[in-house]
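Trainee: Please give me a close look at one part of this model, the nonpolar packing.

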Amino acid sequence: MKLSVSGRAAAAAVVAATTLLATGSLAGAAPATPAVAAAPDLPVANVKAHLSQLQSIATANGGNRAHGRTGYRASLDYVKAKLDAAGFTTTIQQFTSSSRTGYNLIADWPGGDTTRVVMAGSHLDSVTAGPGINDNGSGSAAVLETALAVSRAGLQPTRHLRFAWWGAEELGMVGSRYYVNNLSSANRSRISAYLNFDMIGSPNPGYFVYDDDPTIEQTFKTYFSGLGVPTEIETEGDGRSDHAPFKNVGIPVGGLFSGADYVKTSAQAAKWGGTAGQPFDRCYHSSCDTIANLNDTALDRNADALAYAVWTLSS
C-alpha cells in the first residue's frame, strides 16, 4: 500500500444474492440469481505457499521486489506461470516510471459476459526497503489463489472474470493508473466492479471494508457477518491504493484492508483481539515485512472473503 465454513459461505451466498436484487447498484446490474455453487474455502496454506515463494524471490534479489528491480519481474513471472498453467489468458502490460520499466499482469478467465467484467486486483511491487510480504504479497497471493480456485472449480460465471497484479503502486498507483488511462471509454464501461486487496494479513489486524459502492460493500459485510466478525469502514488507505484510478473514472470499487501504520484502539482490540496502542502492522514499509510478519487468521478470513465476493458478484 502506498504510504500516507463452507456452510456459512453457502448460506451467505443466498443473502448476498438477495442484496444484489434489492440494491441493483453494481454497474450494469441485472436481476441476480444465487451462485451455482458456494465459493470455496481457500486453504490458507496455499496462500502462504505463494508468499513463501515471494519471500524467496526477494531474498534472491537484493531483499525486495520493487518496481524496476529484478525481484519484481521474478514475482510477476512466478504469478504468470501459475495462471498460464491454470488456463488463463495472460497479458503483460509495459510502462515506464522513474526511468525504469514496469509491468502489469492481466489474467482473463475464458467465458462470461465480456460487457460485464468483474475484476479483482492487487499491487505486486514492494518498497525498496524490504520484501513486502504483507504489503502487498498478502493481497497478491490471495488474488492468485482465488484465480487458481476458479480454474480448479471450472467456474462458468455469468460475468467475465479478470484478475490483475499492478506494478509501481508504491510510486503512486502508476501501473493501475496506466491501465485505466489506456482503456477506451467503451472498455471502461464494461467493467462493472473492481475489487482491490492491499494488505490483508497484518500481524495486529483489523477488518476494514471499503465503502465506495454499496453492493460490493454489503457483499463483504455479509461474508464477515456470517463468521461473526465485526467490520469497520476503511479510511486509512482511502484513495491511496489501486482502486483510486478506477473510482476516478466512475467504475464501482470495493475491497478489504487489515491496517498499516495507524494504531489499534482499545475498542478495536476488544472486538478483534490483538494489541491496543500498537500499529496494525509495525513492519509497514520496513525490512521486517517478511513471511513472519503475518496473522494467519486474518489472511485466511480475508482470502476467503475475496473468493466469496468473486463468486457472488460474477454469478
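Mentor: Let's call it a contact when heavy atoms lie within 4.5 Å. The model is predicted, with local features needing pLDDT of at least 70 and side-chain atom pairs pLDDT 80 or more, while totals for chains, interfaces and linings use all residues. Numbering starts from 1 along each chain as its sequence is written, and side-chain values use heavy atoms, without hydrogens or water.

Start at Trp165: ignoring neighbours within four places in sequence, Trp165 contacts Tyr72, Val79, Leu83, Tyr103, Asn104, Leu105, Ala107, Ser122, Leu124, Ser140, Val143 and Leu144. Now zoom out to the largest nonpolar core (buried Ala, Val, Leu, Ile, Met, Phe, Trp, Tyr and Cys joined through side-chain atoms within 4.5 Å; buried is under 20% relative accessible area, 1.4 Å probe, protein chains only). That core has 66 residues, and Trp165, Leu83, Phe163 and Phe197 touch the most other members. Its top contributor is helix 10, residues 296-313, with eleven residues (a helix is a DSSP run of H or I, at least four residues, numbered from the N terminus). There's also a second, separate core of 13 residues, with Val117, Met119, Tyr179 and Phe246 among them.

Back to helix 10: helix 4 (residues 133-153) packs against helix 10 with axes 10 Å apart, at an angle of about 50° (axes are lines fitted to C-alpha atoms over the stretch in contact, and angles run from 0 to 180 degrees between N-to-C directions). Helix 4 supplies Ser138, Ala142, Val143, Thr146, Ala149, Val150 and Ala153, and helix 10 supplies Leu299, Ala303, Leu306, Ala307, Val310 and Trp311.

Definitions and conventions. Buried < 20%, exposed > 50% of the residue type's maximum accessible area, 1.4 Å probe, protein only. Helix = DSSP H or I, 4+ residues; strand = E, 2+ residues; numbered from the N terminus.
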